Structure formats: C-alpha cells, structure tokens
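Open your viewer and set the protein to a cartoon, with side chains ready to switch on. We will go from stop to stop, selecting a few residues each time.

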Amino acid sequence: MIMRENTDATIQEYATNIKSASHMLLGLVNDILDISKIDAGKLQIVESEYSLENMLKDVILGVEVRAKNKNLELKTRIDYSMPSVLMGDDIRIKQILNNLMSNAIKYTEKGSVTFTVEGIGQENDFVLKMSVADTGMGIREEDMDTLFDSFRRLELKKNRYVEGTGLGLSITKSLVEQMGGEIQVESEVGKGSCFTV
C-alpha cells in the first residue's frame with residue numbers, strides 16, 4: 001500500500017527496501033522448510049498436466065529483471081518442437097530452474113546467462129533436458145564434491161557480499177532426484193559454469 005499510494009521518494013525507497021528484505025526472508029524460510037521436509041522424507045512431488053510454454057515464460061520473466069540490473073545478457077535457446085503439455089510437478093520444476101538461474105546471475109559479474117531447454121523423446125516417454133550456463137567465476141575442482149551440501153557456501157571470503165544460505169543447490173539436487181532425474185555440473189574457474197538437469 002505504501003508503494004502504491006506514496007509520492008515521497010525517500011519513503012518510496014524505504015518501502016522498496018522493506019519489500020526486498022521481505023522477499024529475501026520469505027525465500028529463506030521456504031528454503032529451510034523445504035530442506036526440513038526433504039530430510040524428513042515428507043517433501044512430495046505432485047504430478048499434473050502443465051503448459052510447458054507458460055512454465056518457461058514464468059521462469060524467464062522471474063529472472064529477466066535481475067539479469068538486466070546486472071547488465072547481463074539473458075539468452076534463451078528453447079526447442080519449440082516439444083509437446084506443449086507435459087506431465088510433472090511444474091511448481092518444483094520452476095523452483096529448480098529459479099535456483100539455477102538465480103545462482104548463475106548472482107555469481108556472474110559480466111557476460112551472459114544462457115537458458116537451454118530441449119526434449120528427449122523415449123519409447124513411451126518424454127524427458128526434459130534443461131541447462132543454465134553462465135560466464136561467471138566458475139567453481140574450483142576441489143569444491144565440486146561439496147557443491148550440493150546443505151548450508152555450504154563456496155569461497156565465503158570472496159562471496160561474502162552475495163546473498164544466500166547455501167541451501168538452493170542442495171534442494172535442487174533433492175528435487176531433481178525425487179523426480180527421477182539427475183543433475184550435472186561442468187565448470188572452469190574464471191570462465192563459468194553449466195548446470196544441466
């Protein structure tokens with residue numbers, strides 16, 4: 001209400017900061033709830049039919065502004081020959097993609113983030129293959145083994161100004177595996193990373 005009805009620039013800035021902090025806090029609470037559910041074996045995957053195009057639009061719209069604010073080019077490579085309606089838990093798929101895209105933007109100072117989506121047809125099945133590649137700082141070889149550990153943040157000294165709890169990749173890996181998928185990472189320090197699910 002303050003942001004909608006206020007005309008004072010200072011108060012508008014305060015309200016924007018409150019909104020931003022509230023979103024960050026809500027994200028933190030949701031991550032902790034998700035990791036608790038995963039640890040207790042209570043996190044459920046709820047499959048239903050969903051529109052692939054609408055899901056992908058939601059993901060892209062959700063990160064466009066953040067990429068633009070950092071002057072990063074957001075590239076999309078989507079195979080539009082895939083079926084328009086798929087079966088799966090689109091809410092959890094969006095969560096996976098939002099985690100990967102947010103990380104790519106967070107840890108990339110210049111260059112681009114590329115979001116690729118393609119389908120792999122199988123006998124009576126269809127599998128989504130999605131990847132997020134960035135031109136960011138990359139991940140050291142010695143950090144790869146602990147990359148998906150809960151509450152683990154890499155190179156804390158270097159990344160102390162980057163927001164995060166270290167839960168995103170752990171949750172992402174658990175969600176992918178619960179859906180019968182797998183996650184792979186390729187990275188080179190100083191050149192960037194590519195996460196594929």
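The tour below visits a surface patch, a pocket and some charged pairs.

Before you start, keep in mind that this is a predicted model.

**Stop 1: a patch on the surface**

Select Ile 2, Ile 11 and Tyr 14, and show them as spheres. Together these three make a nonpolar patch on the surface, and their combined accessible area is about 310 Å². Now stay with Tyr 14 and colour the helix around it: Tyr 14 sits in helix α2, which covers residues 9-39. Is Tyr 14 buried or exposed? Tyr 14 counts as exposed because its relative accessible area is 52%, and the cut-off for that label is over 50%.

**Stop 2: the second largest pocket**

Rolling a probe the size of a water molecule over the atoms shows where empty space is left. Here, the second largest pocket has a volume of about 790 Å³. To find its centre, select Val 127, Leu 128, Met 179, Gly 180 and Gly 181, which are the closest to that point among the 28 lining residues.

Next, colour the elements that build the wall. Strands β3 (85-88), β5 (126-134), β6 (184-188) and β7 (192-196), along with helix α4 (90-106), each give at least two residues to the lining of this second largest pocket. Which element supplies the largest share of that lining? Strand β5 does, with 5 residues. If you colour the lining of the second largest pocket by residue type, you should find 16 nonpolar, 6 polar and 6 charged residues.

**Stop 3: charged pairs**

Side chains of opposite charge can pair when their charged atoms come close. The whole structure holds 7 salt bridges, and we will look at some of them.

Select Arg 140, Glu 142 and Asp 143, which are linked in a network of salt bridges. Draw the N to O distances from Arg 140: the salt bridge with Glu 142 is at 3.5 Å, and the one with Asp 143 is at 2.9 Å. Then switch on the surface. Glu 142 is exposed, at 55% relative accessible area, while Arg 140 is partly exposed at 30%. Asp 143 is buried, since its relative accessible area is 5% and buried means under 20%.

For the last selection, pick Lys 191 and Glu 188. Their salt bridge has its closest N and O atoms 3.7 Å apart. Lys 191 counts as exposed at 56% relative accessibility, and Glu 188 is partly exposed at 44%.

Methods:
Residues are numbered from 1 along each chain as its sequence is written. This is a predicted model: local features need pLDDT of at least 70, side-chain atom pairs count only at pLDDT 80 or more; totals for chains, interfaces and linings use all residues. Side-chain values use heavy atoms; hydrogens and water are left out. Patches are made of residues with over 30% relative accessible area and no salt bridge: like charges are joined within 9 Å, nonpolar side chains (Val, Leu, Ile, Met, Phe, Trp, Tyr) within 5 Å. Accessible areas come from the Shrake-Rupley method with a 1.4 Å probe; for residues, only the protein chains shown count as cover. A salt bridge is a side-chain nitrogen of Lys or Arg within 4 Å of a carboxyl oxygen of Asp or Glu. Helices (H or I, at least four residues) and strands (E, at least two) are DSSP runs, numbered from the N terminus. Buried means under 20% relative accessible area, exposed over 50%, partly exposed in between (1.4 Å probe, protein chains only). On a 1 Å grid over the protein atoms alone, a cavity is a set of points where a 1.4 Å probe fits but cannot get out, and a pocket is an open set with protein on both sides within 12 Å along at least five of seven lines; lining residues have an atom within 4 Å of a point. Grid points are joined across faces, edges and corners, and a volume is the space filled by probe spheres set on the points. Ala, Val, Leu, Ile, Met, Phe, Trp, Tyr, Cys and Pro count as nonpolar, Asp, Glu, Lys and Arg as charged, and the others, Gly among them, as polar.
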